[in-house]
Amino acid sequence: MQTTQTLSARQAALQSCLKIAQGSYANLETASVLNSGQLIPADRGLYTELVYGCVKRQAWLDFFLQKWCTRPLAQLDLSVLVSLRLGLYQIHYMDRIPAYAIVDQTVELVKQETPYAAGMVNAILHKAAAQTDWTVKSKKGKAGWLAITYSHPLWLVQRWLKRFGEEETKALLAANNQTPNLFARVNTLGCPVETMQQWFAARGIAAIFNETVPQACQINAPVSELMGEIENGHLVIQDIGAMLIAQTLAPKPGERVLDYCAAPGGKTTHLAALMQNQGEIVACDLYEQRVGLIAATARRTGATIIEAKVHDGTKRLAQTAYFDKILVDAPCSGTGVLRRKVDARWSKTYEQLASLVELQRALLQNAYACLKPGGRLVYSTCSLEQEENEKNIQWFLAMEPTAELIPFSICGPQQRYENAGYFTILPHYFDGDGFFLAMLGKKNDPMRSTT
């Protein structure tokens with residue numbers, strides 16, 4: 001019988017950070033290691049913090065390491081560079097272990113992988129352990145300072161600084177470095193909110209319910225403690241931002257609703273709950289496997305009005321009737337969810353986000369063709385970039401004479417956000433994901449006078 005080799009938290013973190021630096025996704029890599037049995041339970045938390053911390057703080061770590069390294073960091077063996085990042089991260093951000101012990105442990109790790117570099121790593125980390133001045137100075141001005149201090153790519157900081165200003169950008173960057181909150185939605189098709197509140201209270205689980213979305217709660221407990229309620233469909237793990245999108249569309253019982261990019265089905269089942277399981281939802285996605293996820297989510301939550309179907313959104317949907325409400329949650333660059341996908345900030349480029357625009361416009365155009373006169377369409381992304389959001393809406397309004405923006409408002413924890421038809425929610429507004437949403441209607445709209 002083959003046995004699984006046990007690794008220390010630092011050994012496993014080094015291997016995972018190497019794979020992430022070579023292109024693996026951090027969430028998939030950490031999940032694979034945590035489920036592999038390679039770590040003893042006591043090391044799981046340290047492993048996770050080391051991986052996520054080192055990846056997230058990469059720019060800040062590299063800035064200081066370069067001060068003490070005589071060669072450009074890019075010329076180092078990747079395993080040496082990752083070992084240095086792990087060592088410096090522990091010295092600066094963690095206080096549970098003395099610095100000398102961190103240096104010794106890191107040097108031992110390097111001896112196993114690249115023994116020729118052990119002396120250099122020892123010298124650099126000893127300098128780090130003796131450092132008292134962590135002042136960041138950049139030759140690239142305010143944007144450069146922010147990019148290092150908050151560990152983000154310079155090109156993205158430059159864009160946000162120009163658009164949002166210094167204070168808002170600082171708040172956005174700081175929010176991206178926080179650990180994501182755990183939000184869940186009570187599935188009112190299977191369980192009243194009051195019953196779920198009693199369930200939390202009986203188990204001593206802290207759950208803060210949200211005034212903006214009555215079914216939303218922020219939970220201070222591991223997901224493992226909620227698995228029973230997730231599997232029986234009473235709870236759906238979902239960010240507050242995703243819930244705000246479905247709530248803004250506001251479908252009513254008996255309506256026909258199209259969810260154009262629906263997988264894995266969290267927003268779709270929220271729409272079904274808002275409709276009290278009365279009416280019809282057509283939920284589309286491109287791939288059979290992802291459509292299967294929609295169907296599975298619908299079964300688990302008891303949402304019986306959902307028809308999940310494979311459809312290429314770049315082509316018109318063959319429907320004989322129009323829809324009252326449509327949601328287009330388009331694929332995007334995801335710059336609003338960088339706190340959740342810690343490696344994504346280093347892999348994104350301007351060219352990547354620009355390449356999505358054509359697809360987003362095709363999805364919007366084809367979905368809108370299915371909208372009833374008087375209906376409502378919400379276009380949303382988890383991107384903060386104007387090319388994917390405002391400019392797409394402006395392009396569509398210029399091209400489609402029957403389309404018009406419908407003003408709406410969102411109540412936040414501190415204020416009410418009014419807008420003229422589209423709005424960007426930054427991550428620090430709700431302590432959740434950042435996202436954009438716009439509401440479109442068709443002219444000759446009898447519902448307009450009632451909004």
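These entries record what I looked up around one strand and one pocket of a predicted model.

I kept to the ground rules that residues are numbered from 1 along each chain as its sequence is written and that side-chain values use heavy atoms, without hydrogens or water. Because this is a predicted model, local features need pLDDT of at least 70 and side-chain atom pairs count only at pLDDT 80 or more, while totals for chains, interfaces and linings use all residues.

**Strand β5.** I looked at β5, residues 256–259 (strands are DSSP E runs of at least two residues, helices H or I runs of at least four, numbered from the N terminus), and found both faces covered. Arg-256 and Leu-258 on one side, and Val-257 and Asp-259 on the other, are all buried (under 20% relative accessible area with a 1.4 Å probe, protein chains only).

**Its partners.** I noted that β5 runs parallel to β6, residues 280–285, with 4 bridges joining them (pairing requires at least two DSSP bridges), and that Leu-258 stands opposite Val-282 in β6. I also found β5 paired in the parallel sense with β8, residues 323–329, over 3 bridges, where Val-257 has Lys-325 as its bridge partner.

**Second largest pocket.** I then turned to the second largest pocket, where 21 residues form the lining, and Asn-210, Gly-412, Pro-413, Tyr-429 and Phe-430 are the closest to its centre (a pocket is an open set of points on a 1 Å grid over the protein atoms alone, where a 1.4 Å probe fits, with protein on both sides within 12 Å along at least five of seven lines; lining residues have an atom within 4 Å of a point). At least two lining residues come from each of β2 (206–209), β3 (216–220) and α20 (427–430).

Methods: Buried < 20%, exposed > 50% of the residue type's maximum accessible area, 1.4 Å probe, protein only.
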